[in-house]
Amino acid sequence: MRGMLRAVNRVLLGLVGAALLCAGGAVLAAGLDLEVPSWSPWRGPDAVLLSEAARKRWGWPVVITALAVLVLLVLWWLLAQLRRPRLAEVLIDSRDGEGAVLRGRALEGAMESEAGALDGVSRARVRLTGRRTAPSARVSLLLEPYASPDETLSRLRDGALRHARESAGLLDLPTEAQLRAAKHQPRRVS
């Protein structure tokens with residue numbers, strides 16, 4: 001999936017770049033009053049892109065709809081770039097030459113359960129990213145007000161992360177941990 005997205009990115013960026021380069025060159029040539037091809041919509045510095053007849057024939061709803069679809073496609077593409085894909089499976093070396101596959105969501109669930117059971121942790125979320133042969137984890141912990149971040153990180157490293165690494169047969173499991181404090185109601189002092 002990631003390789004396909006990378007190929008689509010390259011093709012899309014190449015096409016957009018070529019179109020913008022051609023359009024920019026045509027506008028620059030027309031603006032400088034240079035000779036432009038006969039099929040070019042720009043004839044000179046005072047030329048308009050759509051003539052009065054073309055504007056009436058096409059209609060503004062068609063132009064606005066086309067631009068709205070283009071904007072939605074660009075937004076979809078941008079969001080696809082920002083989203084980190086979730087790892088579907090982790091490849092485990094079973095030492096028999098075959099290998100085994102562990103579902104990424106199963107490993108995430110086990111890590112979430114163990115991290116959520118730590119003292120001082122209100123909620124835990126785990127997301128595996130990376131390649132199936134070299135996964136990495138993003139852990140988000142919501143800490144109770146009394147929890148010590150340093151102790152919580154030590155227990156996370158020695159507990160859930162070590163168990164996940166050992167059970168999946170991984171040499172290392174790079175992890176990014178995000179700690180947030182849970183909001184609590186202030187107590188009234190009388």
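Select strand 3 and strand 4 (residues 135-143) to start: nine bridges join them, and the two run antiparallel. Keep in mind that what you have open is a predicted model. Now look at the turn between these strands, where a hairpin links strand 3 to strand 4 through four residues.

Next, pick out some facing pairs. Click Arg 125 and you'll find Ser 140 of strand 4 standing opposite. Then click Arg 127, whose bridge partner in strand 4 is Arg 138. Strands in a sheet pair through backbone hydrogen bonds, and they can do that either parallel or antiparallel.

**Add the third strand**

Bring strand 5 into your selection. It pairs with strand 4 in the parallel sense, over seven bridges. Go back to Ser 140 for a moment: its bridge partner in strand 5 is Gln 178. That completes an open sheet of three strands in the order 3-4-5, with mixed pairing. Which strands are at the edges? They are strand 3 (121-130) and strand 5 (175-181), each of which pairs on one side only. Turn the view and look along the sheet: the twist averages 15° from one strand to the next.

Is strand 4 mostly enclosed or mostly open? Colour its residues by burial and see: seven of the nine are buried, so strand 4 is largely enclosed by the rest of the structure.

**On to helix 4**

Select helix 4 (residues 104-116), which packs on the sheet and touches strand 3 and strand 4. Its direction makes about 155° with that of strand 3. Try the distance tool here: this helix of 13 residues reaches 18 Å from its first C-alpha to its last, close to the 18 Å expected at 1.5 Å a residue.

Now show side chains. Which residues of helix 4 are buried? Highlight Gly 104, Leu 107, Glu 108, Met 111 and Ala 115. Look straight down the axis of helix 4 and you'll see why they make a set: the buried residues fall within an arc of 100°, so they line one face of the helix. Swing round to the other side of helix 4 and you'll meet Arg 105 and Ser 113, which are exposed.

What covers that buried face? Show strand 1 (89-92), strand 2 (100-103), strand 3, strand 4 and helix 5, which are among the covering elements.

**Last stop: helix 5**

Select helix 5 (residues 149-168). This helix lies across strand 3, strand 4 and strand 5, and it runs at about 140° to strand 4.

Click Thr 152, which sits in helix 5. Is Thr 152 buried or exposed? It's buried, with a relative accessible area of 1%. Leaving out residues up to four places away in sequence, Thr 152 touches Leu 118, Asp 119, Val 121, Leu 141, Leu 143 and Ala 147. Zoom in on its side chain, too: one of its polar atoms lies 2.8 Å from the backbone oxygen of Ser 148.

Now compare Pro 149, also in helix 5. Pro 149 is partly exposed, because its relative accessible area of 44% falls between the 20% limit for buried and the 50% limit for exposed. Setting aside neighbours within four places in sequence, Pro 149 is in contact with Leu 143 and Leu 179.

To finish, zoom out and select Val 71 along with Pro 149. The two are 78 residues apart in sequence, and 43 Å separates them in space, C-alpha to C-alpha.

How values were computed. Residues are numbered from 1 along each chain as its sequence is written. This is a predicted model: local features need pLDDT of at least 70, side-chain atom pairs count only at pLDDT 80 or more; totals for chains, interfaces and linings use all residues. Side-chain values use heavy atoms; hydrogens and water are left out. Two strands pair if DSSP finds at least two bridges between them. Axes are lines fitted to C-alpha atoms, for helices over the stretch in contact, and angles run from 0 to 180 degrees between N-to-C directions. Contact means heavy atoms within 4.5 Å. The expected span of a helix is 1.5 Å times one less than its number of residues. Buried means under 20% relative accessible area, exposed over 50%, partly exposed in between (1.4 Å probe, protein chains only). The arc is that of the directions from the helix axis to the C-beta atoms. A polar contact is a pair of N or O atoms within 3.5 Å; within protein, one must be able to donate a hydrogen and the other to accept it, and residues adjacent in sequence count only if both atoms are side-chain atoms.
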